[in-house]
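Trainee: I'm new to this one. Could you walk me through how the labels are earned?
Mentor: Sure, let's have a look together.

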Amino acid sequence: MSLAQTRRVAIAAQGLDRARPGAVTMRHLTGTLERIGLLQIDSVNVLARAHLLPLLARLGPYDTALVDRASGRAPRRMVEAWAHEASYLPVDTYPLVAGTRRRWAGVDPAVIQERHPGLLRLVHDVVAERGPLTGREVEAFVDARYTERGEGWGWRWSAAKTALECLFGGGDLIAARRNAQFERVYDLTERVLPPHVRDRPVPDPEDAVRELVRISARAHGVGTLRCLADYFRLGQRVTRRAVDELVDAGELLPVTVTGWDRPAWMHAAARVPRRTSARALLAPFDPLVFERRRLLELFGMHYRIGIYTPAHLRTHGYYVLPFLLGEHLVARVDLKHDRDGGRLLVRSAFLEQPRSGDTATWPAPAVVVAELAAELGTMARWLGAHAVVVDDTAAGDLARPLGAELDRVRLADADAYH
């Protein structure tokens with residue numbers, strides 16, 4: 001396969017080449033989640049919560065109350081678990097990540113039991129009797145010695161919070177929802193999962209891994225062993241075993257990708273479009289970009305999120321989104337939702353340069369500017385912002401032409417209104 005074909009397969013597998021529906025329904029939301037397999041969760045809210053942005057990229061403007069309903073009210077369509085970091089998953093996937101959940105929890109129940117005998121049972125019983133509860137609410141019902149910070153686990157969690165996370169990782173508790181402060185609200189798993197999932201036998205670990213690799217392969221379209229393992233943070237050895245089984249079953253096809261020095265596999269049902277008209281701003285935690293080596297090999301973009309980098313070392317900004325146009329990542333913009341001012345702020349805008357083999361299909365800079373301005377307008381409307389504004393101090397070679405294009409669009413809209 002050529003690199004261009006592989007890019008188009010990857011974009012199609014993620015549903016980014018599909019026409020956006022006019023009015024987004026629960027069916028659209030759940031269908032998108034089934035296609036991509038998961039939505040990574042992150043608490044940074046400089047633009048919007050991380051799990052909301054991949055849905056915008058694929059569906060266009062939608063009512064985020066759909067996500068709240070799908071994840072926070074019966075019957076649940078999606079639930080939270082440790083998968084690729086903390087993630088929302090389709091409810092049917094939840095039993096498959098039992099091993100991942102326990103590994104991510106990072107605390108051995110035996111250690112908690114040794115240090116604080118009876119605490120796990122106490123916390124479980126508090127939630128059983130009074131739940132759903134946040135961590136702070138649980139702490140109000142236990143002895144003060146269990147609420148002191150600084151034991152060294154997690155984010156300096158208290159013993160009670162550590163017990164909650166251990167029970168969450170083990171599957172005894174689950175997040176019934178996230179509250180307005182984005183805190184987990186814990187409840188008994190059997191009170192949250194739909195009966196058809198709750199009553200299902202625990203899958204054999206090898207069967208679970210095989211199904212997770214199947215989901216990963218479908219979401220990638222084409223991927224290496226590293227890609228297929230990373231999606232659900234699986235070990236490469238068990239992933240390779242599952243890949244071999246899926247190849248034998250005819251579900252995965254070994255392929256050679258031009259320029260890649262590692263074996264790759266294509267999902268047998270993957271589409272290979274001849275062209276794509278995709279247009280989307282991709283959040284740092286979007287499934288198309290969160291595996292950075294794949295991103296570099298597939299699109300030629302060396303990408304690092306700036307939120308974990310000291311300000312003086314950032315190259316492109318704080319919360320930077322790659323801009324997908326056609327089959328290429330043609331720009332990157334640092335964005336902020338100025339909620340008080342009702343504006344979507346562009347704090348930097350940089351044009352990407354094509355690799356030698358991509359020049360024939362690379363859009364002209366003027367096209368990039370016009371399409372980016374349009375996509376920023378779509379995002380602003382979804383956020384409830386009344387304007388897109390390029391900061392006066394915005395860095396990047398795209399900042400000035402983008403600002404001029406946004407001014408031109410505003411004038412055209414004003415003339416049309418009058």
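**Cavities, a pocket and a sheet**

Mentor: A10, Q14, A219, H220, Y231, P287, L288 and R294 line the largest cavity. Keep in mind that this is a predicted model.

Trainee: What makes these residues the lining of the largest cavity?
Mentor: A lining residue needs an atom within 4 Å of a point of the space, and A10, Q14, A219, H220, Y231, P287, L288 and R294 are the ones listed for the largest cavity. The space in there comes to about 60 Å³. By class, its lining has five nonpolar, two polar and one charged.

Trainee: How many cavities of 30 Å³ or more are there?
Mentor: Two. The second largest holds about 30 Å³ of space, and its lining is made of S71, M78, V79, E80, Y88, A175, R177 and R178. β2 (78-83) and β5 (173-178) are the elements that each give two or more residues to that lining.

Trainee: Why is the second largest cavity said to lie between domain 1 and domain 2?
Mentor: Because both domain 1 (3-98 + 200-267) and domain 2 (103-199) contribute residues to its lining.

Trainee: What classes of residue does the lining of the second largest cavity have?
Mentor: Four nonpolar, one polar and three charged. Arg and Glu count as charged, so E80, R177 and R178 are the charged ones in that lining.

Trainee: And the second largest pocket, which residues lie nearest its centre?
Mentor: R49, H51, L52, T64 and D68, out of 22 lining residues. That pocket has a volume of about 390 Å³. A pocket is an open set of points, whereas from a cavity the probe cannot get out.

Trainee: Which element gives the most to the lining of the second largest pocket?
Mentor: α4, with four residues. α4 (65-72), β5 and α16 (365-383) each supply at least two. The lining splits into ten nonpolar, six polar and six charged residues.

Trainee: How do you know that β2 and β3 pair?
Mentor: Pairing takes at least two bridges, and β2 and β3 (residues 85-90) have six, in the antiparallel sense, so they count as paired. A83 stands opposite E85 in β3.

Trainee: What makes β1 and β2 edge strands?
Mentor: The open sheet of three strands runs in the order β1-β3-β2, with antiparallel pairing. β1 (39-40) and β2 each pair on one side only, and that is what an edge strand does. Helix α2 (residues 26-36) packs on this sheet, touching β1, β2 and β3. The direction of α2 makes about 120° with that of β3.

How values were computed
Residues are numbered from 1 along each chain as its sequence is written. This is a predicted model: local features need pLDDT of at least 70, side-chain atom pairs count only at pLDDT 80 or more; totals for chains, interfaces and linings use all residues. Side-chain values use heavy atoms; hydrogens and water are left out. On a 1 Å grid over the protein atoms alone, a cavity is a set of points where a 1.4 Å probe fits but cannot get out, and a pocket is an open set with protein on both sides within 12 Å along at least five of seven lines; lining residues have an atom within 4 Å of a point. Grid points are joined across faces, edges and corners, and a volume is the space filled by probe spheres set on the points. Domain bounds come from an automatic or database domain assignment. Contact means heavy atoms within 4.5 Å. Axes are lines fitted to C-alpha atoms, for helices over the stretch in contact, and angles run from 0 to 180 degrees between N-to-C directions.
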